[in-house]
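Reader: I have a structure to look at and some terms I do not follow. Could you go through them with me?

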Amino acid sequence: MIFFFNRFYFGISLGSLFAVIVLVYIQDNVGRGWGYGISAVTMVIAVAVLICGTPWYRFKKPQGSPLTIVWRVLLLALKKKNQPYPSHPSLLNDYDNRKVPYTPRFKFLDKAAILDNCAANAEKNNTWLVSTVTHVEEVKMVIKLLPIWSTCILFWTIYSQMTTFTVEQATIMHRKIGSFVIPAGSFSAFLIISILLFTSLNEKVFVPLARKITHNPQGITSLQRIGIGLVFSVAAMVGAAIIEKERREIAVEKEVKISAFWLLVQFFLVGAGEAFAYVGQLEFFIREAPDRMKSMSTGLFLSTISMGFFVSSLLVSIVDHVTNRNWLRNNLNKGKLNNFYWLLAVLGFLNFLVFLILASRHQYKIQLPIEPESGEKELKGLNGETIQDMEKKASLQAVGEVEP
(Lines give C-alpha, C1' and ligand atoms only; values in the text may rest on other atoms or scores of the structure.)
Protein backbone atom coordinates (compact mmCIF):
# COMPACT_ATOMS: atom_id res chain seq x y z
CA MET A 1 0.00 0.00 0.00
CA ILE A 2 2.94 2.37 0.61
CA PHE A 3 3.83 2.61 -3.07
CA PHE A 4 0.57 1.55 -4.71
CA PHE A 5 -0.86 5.07 -5.02
CA ASN A 6 2.40 6.38 -6.52
CA ARG A 7 2.40 3.64 -9.16
CA PHE A 8 -1.32 4.05 -9.78
CA TYR A 9 -0.92 7.74 -10.56
CA PHE A 10 2.28 7.10 -12.52
CA GLY A 11 0.24 4.91 -14.88
CA ILE A 12 -2.46 7.56 -15.28
CA SER A 13 0.17 10.21 -16.03
CA LEU A 14 1.76 8.08 -18.77
CA GLY A 15 -1.58 8.06 -20.58
CA SER A 16 -1.91 11.82 -20.16
CA LEU A 17 1.61 12.35 -21.51
CA PHE A 18 0.77 10.36 -24.66
CA ALA A 19 -2.39 12.45 -25.08
CA VAL A 20 -0.82 15.91 -24.83
CA ILE A 21 2.22 15.06 -26.98
CA VAL A 22 1.12 12.55 -29.63
CA LEU A 23 -2.63 13.16 -29.90
CA VAL A 24 -2.40 16.96 -29.77
CA TYR A 25 0.19 16.89 -32.57
CA ILE A 26 -1.97 14.52 -34.67
CA GLN A 27 -5.07 16.65 -34.15
CA ASP A 28 -3.26 19.87 -35.12
CA ASN A 29 -1.33 18.50 -38.10
CA VAL A 30 -3.22 15.45 -39.41
CA GLY A 31 -6.83 15.83 -38.36
CA ARG A 32 -9.12 15.69 -35.36
CA GLY A 33 -10.80 12.58 -36.73
CA TRP A 34 -7.52 10.69 -36.32
CA GLY A 35 -7.14 11.97 -32.77
CA TYR A 36 -10.62 10.81 -31.77
CA GLY A 37 -10.14 7.54 -33.65
CA ILE A 38 -6.94 6.65 -31.81
CA SER A 39 -8.61 7.51 -28.50
CA ALA A 40 -11.54 5.22 -29.36
CA VAL A 41 -9.24 2.32 -30.27
CA THR A 42 -7.26 2.64 -27.03
CA MET A 43 -10.51 2.57 -25.03
CA VAL A 44 -11.59 -0.62 -26.81
CA ILE A 45 -8.24 -2.20 -25.89
CA ALA A 46 -8.64 -1.00 -22.28
CA VAL A 47 -12.12 -2.55 -22.00
CA ALA A 48 -10.77 -5.84 -23.43
CA VAL A 49 -7.97 -5.89 -20.84
CA LEU A 50 -10.49 -5.12 -18.08
CA ILE A 51 -12.76 -8.00 -19.14
CA CYS A 52 -9.84 -10.45 -19.47
CA GLY A 53 -8.71 -9.61 -15.95
CA THR A 54 -12.07 -10.16 -14.24
CA PRO A 55 -11.42 -13.86 -13.38
CA TRP A 56 -8.58 -12.73 -11.09
CA TYR A 57 -10.44 -9.92 -9.35
CA ARG A 58 -11.50 -10.23 -5.71
CA PHE A 59 -15.04 -9.00 -5.24
CA LYS A 60 -16.74 -7.93 -2.03
CA LYS A 61 -20.47 -8.32 -1.69
CA PRO A 62 -22.44 -5.05 -1.46
CA GLN A 63 -23.43 -4.21 2.12
CA GLY A 64 -25.89 -1.45 1.40
CA SER A 65 -25.43 2.18 0.50
CA PRO A 66 -23.05 4.06 2.83
CA LEU A 67 -25.10 7.22 2.26
CA THR A 68 -28.11 5.45 3.77
CA ILE A 69 -26.12 4.74 6.93
CA VAL A 70 -24.93 8.36 7.14
CA TRP A 71 -28.32 10.06 6.83
CA ARG A 72 -30.02 7.42 9.01
CA VAL A 73 -27.58 8.03 11.89
CA LEU A 74 -27.95 11.81 11.51
CA LEU A 75 -31.73 11.52 11.43
CA LEU A 76 -31.91 9.29 14.52
CA ALA A 77 -29.46 11.52 16.43
CA LEU A 78 -31.67 14.52 15.64
CA LYS A 79 -34.81 12.61 16.55
CA LYS A 80 -33.36 11.60 19.94
CA LYS A 81 -31.67 14.92 20.71
CA ASN A 82 -33.63 15.29 23.96
CA GLN A 83 -32.69 11.83 25.22
CA PRO A 84 -30.15 11.82 28.10
CA TYR A 85 -26.77 10.22 27.48
CA PRO A 86 -26.29 6.79 29.10
CA SER A 87 -24.00 6.64 32.11
CA HIS A 88 -21.43 4.68 30.10
CA PRO A 89 -20.93 4.09 26.32
CA SER A 90 -21.23 0.33 26.92
CA LEU A 91 -24.98 0.87 27.36
CA LEU A 92 -25.31 1.97 23.73
CA ASN A 93 -26.85 -0.45 21.24
CA ASP A 94 -24.58 -3.31 20.10
CA TYR A 95 -21.56 -1.85 21.91
CA ASP A 96 -20.07 -5.29 22.63
CA ASN A 97 -20.20 -6.28 18.96
CA ARG A 98 -18.72 -3.06 17.54
CA LYS A 99 -16.39 -3.46 14.56
CA VAL A 100 -14.47 -0.23 15.24
CA PRO A 101 -13.26 1.40 18.47
CA TYR A 102 -15.56 3.80 20.29
CA THR A 103 -14.43 7.45 20.25
CA PRO A 104 -15.78 10.38 22.31
CA ARG A 105 -15.66 12.82 19.39
CA PHE A 106 -18.96 14.08 17.95
CA LYS A 107 -20.70 12.65 21.00
CA PHE A 108 -24.07 14.05 19.90
CA LEU A 109 -24.18 11.26 17.29
CA ASP A 110 -24.12 8.67 20.10
CA LYS A 111 -27.78 9.45 20.71
CA ALA A 112 -28.61 7.55 17.52
CA ALA A 113 -27.57 4.36 19.36
CA ILE A 114 -29.67 5.00 22.50
CA LEU A 115 -32.22 2.23 23.05
CA ASP A 116 -34.93 4.48 24.51
CA ASN A 117 -37.08 2.66 27.07
CA CYS A 118 -37.54 -0.54 25.11
CA ALA A 119 -34.94 -3.26 25.07
CA ALA A 120 -36.65 -5.85 22.94
CA ASN A 121 -34.38 -7.79 20.64
CA ALA A 122 -36.58 -6.85 17.68
CA GLU A 123 -35.97 -3.17 18.31
CA LYS A 124 -32.25 -3.61 18.83
CA ASN A 125 -31.97 -5.13 15.37
CA ASN A 126 -34.16 -2.54 13.66
CA THR A 127 -31.69 0.02 12.27
CA TRP A 128 -34.54 2.39 11.45
CA LEU A 129 -35.33 2.72 15.15
CA VAL A 130 -31.86 2.61 16.67
CA SER A 131 -28.37 2.61 15.17
CA THR A 132 -25.49 0.43 16.26
CA VAL A 133 -22.28 1.81 17.74
CA THR A 134 -20.46 0.57 14.62
CA HIS A 135 -22.65 2.65 12.31
CA VAL A 136 -22.32 5.71 14.53
CA GLU A 137 -18.52 5.43 14.58
CA GLU A 138 -18.42 5.00 10.80
CA VAL A 139 -20.36 8.23 10.37
CA LYS A 140 -17.94 9.94 12.76
CA MET A 141 -15.06 8.80 10.52
CA VAL A 142 -16.74 10.34 7.47
CA ILE A 143 -17.35 13.65 9.28
CA LYS A 144 -13.67 13.72 10.32
CA LEU A 145 -12.70 13.68 6.62
CA LEU A 146 -14.71 16.75 5.65
CA PRO A 147 -12.43 19.50 7.09
CA ILE A 148 -9.40 18.11 5.25
CA TRP A 149 -11.59 17.62 2.17
CA SER A 150 -12.47 21.32 2.14
CA THR A 151 -8.82 22.43 2.23
CA CYS A 152 -7.92 20.22 -0.76
CA ILE A 153 -10.30 22.04 -3.12
CA LEU A 154 -8.13 25.12 -3.61
CA PHE A 155 -5.19 23.02 -4.81
CA TRP A 156 -7.25 21.90 -7.80
CA THR A 157 -8.40 25.48 -8.36
CA ILE A 158 -4.75 26.38 -8.83
CA TYR A 159 -4.15 23.27 -10.93
CA SER A 160 -6.97 24.26 -13.29
CA GLN A 161 -4.95 27.32 -14.36
CA MET A 162 -2.47 24.97 -16.04
CA THR A 163 -5.11 23.89 -18.55
CA THR A 164 -6.71 27.32 -19.03
CA PHE A 165 -4.80 30.58 -18.57
CA THR A 166 -1.34 29.01 -18.82
CA VAL A 167 -2.17 27.46 -22.19
CA GLU A 168 -3.58 30.82 -23.28
CA GLN A 169 -0.27 32.42 -22.25
CA ALA A 170 1.61 29.90 -24.38
CA THR A 171 -0.42 30.82 -27.49
CA ILE A 172 1.00 34.38 -27.51
CA MET A 173 4.59 33.46 -26.57
CA HIS A 174 7.51 32.26 -28.68
CA ARG A 175 7.06 28.50 -29.19
CA LYS A 176 9.50 27.72 -32.02
CA ILE A 177 12.40 25.29 -31.86
CA GLY A 178 14.12 25.84 -35.17
CA SER A 179 11.36 25.59 -37.76
CA PHE A 180 9.11 23.46 -35.52
CA VAL A 181 6.29 25.23 -33.64
CA ILE A 182 5.25 23.46 -30.43
CA PRO A 183 1.43 23.38 -30.07
CA ALA A 184 0.33 25.45 -27.07
CA GLY A 185 -1.65 22.49 -25.71
CA SER A 186 1.45 20.29 -25.74
CA PHE A 187 3.10 22.40 -23.06
CA SER A 188 0.97 20.45 -20.58
CA ALA A 189 3.45 17.64 -21.25
CA PHE A 190 5.90 19.41 -18.96
CA LEU A 191 3.30 19.30 -16.16
CA ILE A 192 2.96 15.54 -16.63
CA ILE A 193 6.71 14.99 -16.93
CA SER A 194 7.09 16.77 -13.60
CA ILE A 195 4.44 14.47 -12.09
CA LEU A 196 6.20 11.38 -13.44
CA LEU A 197 9.54 12.62 -12.13
CA PHE A 198 8.30 13.32 -8.62
CA THR A 199 6.22 10.15 -8.29
CA SER A 200 9.39 8.22 -9.19
CA LEU A 201 11.51 10.25 -6.75
CA ASN A 202 8.87 9.71 -4.06
CA GLU A 203 9.32 5.96 -4.24
CA LYS A 204 13.06 5.79 -4.84
CA VAL A 205 14.40 8.76 -2.87
CA PHE A 206 11.96 10.69 -0.66
CA VAL A 207 10.26 7.77 1.11
CA PRO A 208 13.49 5.82 1.93
CA LEU A 209 15.11 9.04 3.15
CA ALA A 210 12.06 10.02 5.21
CA ARG A 211 11.95 6.53 6.76
CA LYS A 212 15.43 7.05 8.17
CA ILE A 213 14.46 10.41 9.63
CA THR A 214 10.93 9.70 10.91
CA HIS A 215 11.24 5.93 11.50
CA ASN A 216 7.78 5.69 9.92
CA PRO A 217 7.26 2.79 7.43
CA GLN A 218 5.37 5.19 5.16
CA GLY A 219 8.17 7.74 5.31
CA ILE A 220 5.78 10.65 5.59
CA THR A 221 2.08 10.58 6.39
CA SER A 222 -0.66 11.24 3.87
CA LEU A 223 -1.42 14.62 5.48
CA GLN A 224 2.24 15.62 5.19
CA ARG A 225 2.12 14.75 1.49
CA ILE A 226 -0.94 16.95 1.04
CA GLY A 227 0.76 19.79 2.91
CA ILE A 228 3.84 19.60 0.67
CA GLY A 229 1.56 19.67 -2.37
CA LEU A 230 -0.18 22.81 -1.09
CA VAL A 231 3.17 24.56 -0.56
CA PHE A 232 4.24 23.74 -4.13
CA SER A 233 0.95 25.13 -5.48
CA VAL A 234 1.44 28.46 -3.68
CA ALA A 235 5.02 28.69 -4.96
CA ALA A 236 3.74 27.97 -8.48
CA MET A 237 1.32 30.90 -8.38
CA VAL A 238 4.02 33.26 -7.07
CA GLY A 239 6.30 32.19 -9.94
CA ALA A 240 3.45 32.46 -12.46
CA ALA A 241 2.61 36.00 -11.30
CA ILE A 242 6.22 37.19 -11.64
CA ILE A 243 6.68 35.62 -15.09
CA GLU A 244 3.37 36.96 -16.44
CA LYS A 245 4.22 40.50 -15.28
CA GLU A 246 7.57 40.35 -17.09
CA ARG A 247 6.00 38.78 -20.19
CA ARG A 248 3.33 41.46 -20.49
CA GLU A 249 5.73 44.37 -19.93
CA ILE A 250 8.18 43.10 -22.55
CA ALA A 251 5.37 42.37 -25.02
CA VAL A 252 3.79 45.83 -24.59
CA GLU A 253 6.90 48.01 -24.25
CA LYS A 254 9.31 46.20 -26.60
CA GLU A 255 6.81 44.25 -28.73
CA VAL A 256 8.88 41.12 -28.21
CA LYS A 257 7.56 37.64 -27.45
CA ILE A 258 9.53 35.89 -24.74
CA SER A 259 10.05 32.13 -24.84
CA ALA A 260 7.12 29.98 -23.75
CA PHE A 261 9.62 27.81 -21.91
CA TRP A 262 9.45 30.33 -19.06
CA LEU A 263 6.10 28.71 -18.30
CA LEU A 264 7.99 25.58 -17.26
CA VAL A 265 8.43 27.16 -13.82
CA GLN A 266 4.71 27.00 -13.00
CA PHE A 267 4.24 23.69 -14.82
CA PHE A 268 7.10 22.15 -12.87
CA LEU A 269 5.94 23.43 -9.46
CA VAL A 270 2.27 22.49 -9.95
CA GLY A 271 3.33 19.07 -11.30
CA ALA A 272 5.52 18.49 -8.24
CA GLY A 273 2.66 19.59 -6.01
CA GLU A 274 0.22 17.29 -7.78
CA ALA A 275 2.54 14.30 -7.35
CA PHE A 276 2.37 14.85 -3.58
CA ALA A 277 -1.21 16.15 -3.24
CA TYR A 278 -2.97 13.63 -5.50
CA VAL A 279 -1.25 10.62 -3.94
CA GLY A 280 -1.61 12.04 -0.43
CA GLN A 281 -5.31 12.80 -0.84
CA LEU A 282 -6.12 9.43 -2.40
CA GLU A 283 -4.22 7.61 0.35
CA PHE A 284 -5.79 9.73 3.09
CA PHE A 285 -9.40 9.27 1.99
CA ILE A 286 -9.05 5.54 1.40
CA ARG A 287 -7.11 4.75 4.60
CA GLU A 288 -9.18 6.95 6.88
CA ALA A 289 -12.61 5.97 5.58
CA PRO A 290 -14.63 3.17 7.20
CA ASP A 291 -13.96 -0.21 5.60
CA ARG A 292 -17.48 -0.39 4.18
CA MET A 293 -17.28 3.11 2.69
CA LYS A 294 -14.12 2.93 0.56
CA SER A 295 -15.94 3.66 -2.69
CA MET A 296 -17.67 6.68 -1.17
CA SER A 297 -14.35 8.00 0.15
CA THR A 298 -12.82 7.69 -3.32
CA GLY A 299 -15.75 9.67 -4.68
CA LEU A 300 -15.21 12.24 -1.93
CA PHE A 301 -11.59 12.62 -3.06
CA LEU A 302 -12.52 12.95 -6.74
CA SER A 303 -15.12 15.58 -5.84
CA THR A 304 -12.30 17.87 -4.63
CA ILE A 305 -11.00 17.93 -8.22
CA SER A 306 -14.38 18.86 -9.72
CA MET A 307 -15.03 21.38 -6.94
CA GLY A 308 -11.63 22.95 -7.63
CA PHE A 309 -12.59 23.63 -11.25
CA PHE A 310 -15.98 24.99 -10.17
CA VAL A 311 -14.29 27.34 -7.69
CA SER A 312 -11.92 28.45 -10.46
CA SER A 313 -14.88 29.41 -12.67
CA LEU A 314 -16.53 31.15 -9.72
CA LEU A 315 -13.37 33.15 -8.97
CA VAL A 316 -13.06 34.21 -12.60
CA SER A 317 -16.65 35.47 -12.55
CA ILE A 318 -16.15 37.33 -9.27
CA VAL A 319 -12.85 38.88 -10.37
CA ASP A 320 -14.41 39.90 -13.71
CA HIS A 321 -17.26 41.62 -11.89
CA VAL A 322 -15.15 43.33 -9.20
CA THR A 323 -12.40 44.56 -11.57
CA ASN A 324 -14.75 45.49 -14.47
CA ARG A 325 -12.87 43.01 -16.68
CA ASN A 326 -9.54 44.81 -16.19
CA TRP A 327 -7.63 41.75 -14.94
CA LEU A 328 -8.87 38.96 -17.19
CA ARG A 329 -9.26 39.84 -20.86
CA ASN A 330 -9.16 37.94 -24.13
CA ASN A 331 -6.05 39.90 -25.03
CA LEU A 332 -3.70 39.08 -22.14
CA ASN A 333 -1.45 42.03 -23.05
CA LYS A 334 -4.28 44.39 -22.13
CA GLY A 335 -5.19 42.57 -18.93
CA LYS A 336 -3.50 41.90 -15.59
CA LEU A 337 -3.43 38.12 -15.31
CA ASN A 338 -0.50 38.42 -12.91
CA ASN A 339 -2.85 39.99 -10.32
CA PHE A 340 -5.17 36.97 -10.59
CA TYR A 341 -2.19 34.70 -9.96
CA TRP A 342 -1.24 36.76 -6.91
CA LEU A 343 -4.81 36.41 -5.65
CA LEU A 344 -4.57 32.62 -5.98
CA ALA A 345 -1.19 32.66 -4.19
CA VAL A 346 -2.68 34.57 -1.23
CA LEU A 347 -5.75 32.33 -1.07
CA GLY A 348 -3.50 29.27 -1.32
CA PHE A 349 -1.33 30.49 1.56
CA LEU A 350 -4.35 31.18 3.78
CA ASN A 351 -5.77 27.79 2.84
CA PHE A 352 -2.44 26.18 3.82
CA LEU A 353 -2.57 27.81 7.26
CA VAL A 354 -6.09 26.45 7.80
CA PHE A 355 -4.89 23.04 6.62
CA LEU A 356 -2.05 23.07 9.17
CA ILE A 357 -4.51 23.74 12.00
CA LEU A 358 -6.90 21.01 10.87
CA ALA A 359 -4.15 18.49 10.16
CA SER A 360 -2.57 19.02 13.58
CA ARG A 361 -5.92 18.19 15.21
CA HIS A 362 -6.74 15.19 13.03
CA GLN A 363 -6.60 11.82 14.75
CA TYR A 364 -5.75 8.97 12.41
CA LYS A 365 -8.08 6.00 12.39
CA ILE A 366 -7.11 3.26 14.83
CA GLN A 367 -6.45 0.10 12.87
CA LEU A 368 -7.88 -2.82 14.83
CA PRO A 369 -5.92 -6.08 14.52
CA ILE A 370 -7.50 -9.19 13.02
CA GLU A 371 -8.62 -11.82 15.50
CA PRO A 372 -5.85 -14.44 15.83
CA GLU A 373 -6.50 -18.00 14.71
CA SER A 374 -5.43 -19.36 18.08
CA GLY A 375 -8.88 -18.43 19.41
CA GLU A 376 -7.79 -15.71 21.81
CA LYS A 377 -10.88 -13.92 23.04
CA GLU A 378 -9.12 -10.64 23.64
CA LEU A 379 -7.89 -8.87 20.52
CA LYS A 380 -4.45 -7.35 20.86
CA GLY A 381 -2.34 -5.11 18.64
CA LEU A 382 1.29 -5.59 17.72
CA ASN A 383 2.31 -3.66 20.81
CA GLY A 384 0.16 -5.88 23.05
CA GLU A 385 -2.60 -3.30 23.55
CA THR A 386 -6.19 -4.52 23.75
CA ILE A 387 -9.07 -2.75 22.03
CA GLN A 388 -10.01 -1.23 25.35
CA ASP A 389 -6.44 0.06 25.83
CA MET A 390 -6.47 1.64 22.38
CA GLU A 391 -9.86 3.21 22.98
CA LYS A 392 -8.71 4.66 26.29
CA LYS A 393 -5.62 6.07 24.62
CA ALA A 394 -7.74 7.57 21.83
CA SER A 395 -10.05 9.16 24.39
CA LEU A 396 -7.12 10.74 26.23
CA GLN A 397 -5.68 12.05 22.96
CA ALA A 398 -9.04 13.61 22.14
CA VAL A 399 -8.84 15.80 25.23
CA GLY A 400 -5.11 16.45 24.83
CA GLU A 401 -3.89 14.53 27.89
CA VAL A 402 -1.31 12.43 26.06
CA GLU A 403 0.85 12.76 22.99
CA PRO A 404 -0.69 11.14 19.86
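**Loops and a helix pair**

Author: This is a predicted model. Asn324 lies in the loop that links helix H10 (294-322) to helix H11 (337-361).

Reader: Why is Asn324 called exposed?

Author: Exposed means over 50% relative accessible area. Asn324 has 61% relative accessibility, so Asn324 counts as exposed.

Reader: What makes the phi of Asn324 worth a remark?

Author: Most residues other than glycine have a negative phi. The phi of Asn324 is near 55°, a positive value. Glu255 also has a positive phi, near 55°. Glu255 sits in the loop between helix H8 (222-253) and helix H9 (264-288).

Reader: Is Glu255 buried or exposed, and how do you know?

Author: The relative accessible area of Glu255 is 71%. The cut-off for exposed is over 50%, therefore Glu255 is exposed.

Reader: Why is Asp110 called buried?

Author: Buried means under 20%. Asp110 has a relative accessible area of 3%, so Asp110 is buried. Asp110 is in the loop between helix H3 (66-79) and helix H4 (121-124). Leaving aside neighbours within four places in sequence, its contacts include Tyr85, Tyr102 and Lys140.

Reader: What makes H5 and H10 oblique to each other?

Author: The axes of H5 (residues 133-159) and H10 cross at roughly 40° and come within 7 Å. Angles under 35 degrees count as roughly parallel, and 65 to 115 as roughly perpendicular. The angle of roughly 40° fits neither, nor is it over 145, so H5 and H10 are oblique. Their crossing is right-handed. By class, the contact of H5 with H10 has 15 nonpolar, 5 polar and no charged residues.

How values were computed: Residues are numbered from 1 along each chain as its sequence is written. This is a predicted model: local features need pLDDT of at least 70, side-chain atom pairs count only at pLDDT 80 or more; totals for chains, interfaces and linings use all residues. Side-chain values use heavy atoms; hydrogens and water are left out. Helices (H or I, at least four residues) and strands (E, at least two) are DSSP runs, numbered from the N terminus. Buried means under 20% relative accessible area, exposed over 50%, partly exposed in between (1.4 Å probe, protein chains only). Contact means heavy atoms within 4.5 Å. Axes are lines fitted to C-alpha atoms, for helices over the stretch in contact, and angles run from 0 to 180 degrees between N-to-C directions. A crossing is left-handed if the near helix is turned anticlockwise from the far one by less than a right angle, and right-handed if clockwise. Ala, Val, Leu, Ile, Met, Phe, Trp, Tyr, Cys and Pro count as nonpolar, Asp, Glu, Lys and Arg as charged, and the others, Gly among them, as polar.
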